[in-house]
Amino acid sequence: MTDLHPPHLKAFEASVLTGDATAEDLETLKKQSSVYVYEAPVRVWHWVNALVITVLVVTGYLIGKPLPSMQIAEATHQFVMGYIRFAHFAAGMILTVGFFGRIYWAFVGNTHARQMFTLPVTNRRWWYELIYELRWYMFMVKEPKKYVGHNPMAHAAMFFFMTLGISFMMITGWALYAEGAGQGSLPDTAMGWLLGWIGNSQILHMLHRFGMWSIVIFVLIHVYAALREDIMSRQSTVSTMLSGHRTFKDDRPD
Amino acid sequence: MTQIETFYEVMRKQGITRRSFMKYCALTASALGLGPAFVPKIAHAMETKPRTPVIWVSGLECTCCSESFIRGAHPLAKDVVLSMISLDYNHTLMASAGHAAEAALEETIQKYKGNYILAVEGNPPLNEDGMFCIVGGKPFVEQLKHAAKDAKAIISWGACASYGCVQAAHPNPTRATPVHKVITDKPIIKVPGCPPIAEVMTGVITYMLTFDRLPELDRQGRPAMFYGQRIHDKCYRRPHFDAGQFVEHWDDDNARKGYCLYKMGCKGPTTYNACSTVRWNEGTSFPIQSGHGCIGCSEDGFWDQGSFYDRVTNLNVFGIEANADKLGMGAAGAVGGAIAVHAAVSALKRAQKKQEKVEG
Ligand code: HEM
Ligand code: HEM
Ligand code: SF4
Ligand code: SF4
């Protein structure tokens, strides 16, 4: 029986059988594989988090600036603001549980699960690459570097807007919730001290609202960057958050 | 000490009957949220305890606290409480004036050393050595410190003594300072409001006189029984809030229907006070019932929380006047615009690169 394929491709018999693989494809395939970065709990957390934060932003905005008054039924049977606030509080509770779950996973998961919680500020190379990534975004370098985890700019954004930002929203959010839950309740015991310290709840509301806008700004940039990097960088991003695997588009080492 | 009359004796001297006295005890118990079992306890305490004198001093203030106080809803309660308080020294109510008044204050302090309650209306300004408020030829802050030294406890009446109120509003040119920041070594109870509700004032003072201790305080040092909940928690318009039915403009149809005043800037959701339950002027009404939102008068720094008529207010938190929505929306808009431009440039660059590849 004659061998239809060049001998060095033997190992990739299966791919060859699909028919449309060119020799070049097979050459790359041989060198590249993927790195498993985001484990399932991190991925689930990410998408649940994205969903509840969207709910929190929309309902939170409407808590401060409510919808136009509606006359659907007698006040007894109408609960528009009530449902909006309920959705906010429910999402806030899921966010809180999820965040603690994520912290737990930072301990038991892989190294990449820990990246979001610390900044390597003493690492000179990290600073160098932060500037490098910034220059990539300012069109000053031709291509970015490759990263298994977050790139330094994404890393810094995650740390400040998410790790610290979500903590801030949880702290102020639970302090607000404690006001409704009442003195002596569990949220009050846990977070009521914050209002005692800040003084006026109006300030607490406004700090919480400022926090919302910072998170809106993060999400805008984050989603844009995720999509852009998926297309323009040397590695996968969106699919990484879906499958957990980071794939690279070239095989140069850095 | 033994010569000092008991509360009961004082009341009888004022012509209050035994029957009225018992009524008063029952009324006080219910005002303080205590069960019927406490009525005889209060009566017993009043019959056996020597009355506790109260010295009432005034700093930077508008006298609205005194005015509120003497308008207690139940005339009996008011008379009783007034008779229990030493009126030897109270600018508004005392008979004497000038040197005689200052001498009376000194006498009371000496006579009841360590045993009197100091009620403070208003606050001391500290700039220029306190010269912005002079009482009896001396800065008020000196009188305050002097009177506080031998006091058993201090009551901070109203927003002024508790938090500073309008004279302490930004930029606070006289450095008007709440009492607890000047006197730090005495138990202080804050009874904020501009003014506080009369029944709240008499309730607090009665509690302290009968039980010889401060009522249970919350984290900010206010009596929890009156300041434990927000206006919003007990507001009778709350069902309209939950329904999402709001007054949109003054005097619109929703205003006539008595909808929630949230969009008109009501500060009920951020204000701890008893207005929505105790109400004002003998329980007649309170601001929200009259169609105007709460302005948050019993809250720390209520003059500096932006407009009374906005819910999302300007705040001076970052040293500049900032509104979360204006600033946030502006920033988000700018970021959105920048992203659009960045995306366009990115697409262009990418197209260029492809072109180069094809040509090269
Ligand atoms: C990403 C996270 C969050 C965002 C973006 C967000 C956003 C907001 C916004 C914009 C408001 C309205 C503030 C105002 O104008 O008065 C609000 C109110 C509130 N939020 Fe959040 N929030 C978040 C997380 C939380 C969490 C974790 C909790 C805790 C359960 C929480 C509890 C509350 C409460 C109790 C209020 C006050 C509701 C009221 O006054 O009726 N929030 N939130
Ligand atoms: C409210 C919306 C969102 C929030 C709050 C959010 C937040 C986050 C956070 C905190 C991480 C870090 C995960 C970790 O290290 O554990 C992350 C990563 C990521 N997110 Fe989101 N996300 C949101 C929406 C989205 C959307 C819509 C996309 C897709 C278009 C997306 C794509 C990604 C990707 C690709 C990563 C991984 C980044 C990398 O590869 O280094 N996210 N996101
Ligand atoms: S009127 Fe004010 S206190 Fe009453 S329900 Fe509306 S927002 Fe709350
Ligand atoms: S309703 Fe609000 S502003 Fe009015 S008296 Fe009561 S606490 Fe003060």
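Helices, as used below, are DSSP runs of at least four residues, numbered from the N terminus. The model is predicted.

**Exercise 1. Annotated membrane spans of chain A**

Task: State which residues of chain A the UniProt record lists as "transmembrane region", then describe residues 210-227 and residues 153-177.

Solution.
1. The unreviewed UniProt entry gives residues 44-63, 83-105, 153-177 and 210-227 of chain A under "transmembrane region".
2. Residues 210-227 of chain A are 100% helix and 0% strand, with end C-alpha atoms 26 Å apart.
3. Residues 153-177 of chain A are likewise 100% helix and 0% strand; here the end C-alpha atoms are separated by 34 Å.
4. From the record also comes the entry "domain: Cytochrome b561 bacterial/Ni-hydrogenase", unreviewed, for residues 37-244 of chain A. That stretch is 71% helix and 0% strand, and its end C-alpha atoms are 6 Å apart.

**Exercise 2. The iron atom of ligand 1**

Task: Find which side chains coordinate the iron atom of ligand 1, and explain why the arrangement is octahedral.

Solution.
1. The protein donors are NE2 of His88(A) and NE2 of His208(A), at 2.0 to 2.1 Å.
2. His88(A) belongs to helix H4 (residues 80-108) of chain A and His208(A) to helix H9 (residues 201-232) of chain A; the pair is 120 residues apart and links distant parts of the chain.
3. Six donors count as octahedral if opposite donors are over 155 degrees apart and all others between 65 and 115.
4. The arrangement is octahedral because the 6 donor atoms around this iron atom subtend angles of 84 to 179°.
5. For comparison, ideal angles for six octahedral donors are 90 or 180 degrees.

**Exercise 3. The iron atom of ligand 2**

Task: Work out which residues coordinate the iron atom of ligand 2 and where in chain A they lie.

Solution.
1. His46(A) and His222(A) each coordinate through NE2, at 1.9 Å.
2. His46(A) is in helix H3 (residues 40-64) of chain A, while His222(A) is in helix H9 of chain A, and 176 residues separate the two.
3. The 6 donor atoms make angles of 87 to 179°, and the site is octahedral.
4. Helix H9 of chain A thus appears in both exercises: it carries His208(A) and His222(A).

**Exercise 4. Surroundings of ligand 3**

Task: Determine which residues surround ligand 3 and which of them the record marks as "binding site".

Solution.
1. The shell includes His232(B), Cys235(B), Arg237(B), Arg238(B), Phe241(B), Cys260(B), Tyr262(B) and Cys266(B).
2. By class, it holds 8 nonpolar, 2 polar and 2 charged residues.
3. The unreviewed UniProt entry places a "binding site" at His232(B), Cys235(B), Cys260(B) and Cys266(B). These are spread over 35 residues of sequence yet cluster in space, with a largest C-alpha distance of 11.2 Å.
4. The lining of the largest cavity takes in His232(B), Cys235(B), Cys260(B) and Cys266(B), and that cavity is the space taken by ligand 3.
5. Cys235(B) sits in the loop between H10 and helix H11 (238-243) of chain B.

**Exercise 5. Surroundings of ligand 4**

Task: Give the class make-up of the shell around ligand 4 and relate the shell to the annotated cysteines.

Solution.
1. Among the surrounding residues are Thr271(B), Asn273(B), Cys275(B), Trp280(B), Cys294(B) and Cys297(B).
2. The shell counts 6 nonpolar, 4 polar and no charged residues.
3. UniProt (unreviewed entry) lists Cys275(B), Cys294(B) and Cys297(B) as "binding site". They span 23 residues of sequence but cluster in space, the largest C-alpha distance being 10.8 Å.
4. Cys294(B) lies in the loop between helix H13 (275-278) and strand E7 (314-315) of chain B.

**Exercise 6. A further cysteine set and backbone geometry**

Task: Locate the "binding site" that includes Cys194(B), then state whether the peptide bond from Cys194(B) to Pro195(B) is cis or trans.

Solution.
1. The unreviewed UniProt entry names Cys62(B), Cys65(B), Cys160(B) and Cys194(B). Spread over 133 residues of sequence, they cluster in space, with a largest C-alpha distance of 9.6 Å.
2. Cys65(B) is in helix H4 (residues 64-69) of chain B.
3. The bond from Cys194(B) to Pro195(B) is cis, with omega near 0°. Pro195(B) is in the loop between E6 and helix H9 (198-211) of chain B.
4. Another cis bond joins His170(B) to Pro171(B), with omega near 5°.
5. Asp212(B), in the loop between H9 and helix H10 (224-227) of chain B, has a positive phi, near 60°.
6. Most residues other than glycine have a negative phi, and most peptide bonds are trans.

Conventions:
Residues numbered from 1 in each chain as written. Chains lettered and ligands numbered in written order. Predicted model: local features only at pLDDT ≥ 70, side-chain atom pairs only at ≥ 80, totals over all residues. Heavy atoms only, no water. Near = heavy atom within 4 Å. 1 Å grid on protein atoms, 1.4 Å probe; cavity = no way out; pocket = protein on both sides within 12 Å on 5 of 7 lines; lining within 4 Å. Sits in = over half its atoms within 2 Å of the grid points. Nonpolar A, V, L, I, M, F, W, Y, C, P; charged D, E, K, R; others polar. UniProt positions renumbered as here; feature names shortened; annotations may be inferred. Donors = N, O, S within 2.8 Å, 3.2 Å for Na, K, Ca; no water. Tetrahedral: all angles 85-135°; square planar, octahedral: opposite > 155°, others 65-115°.
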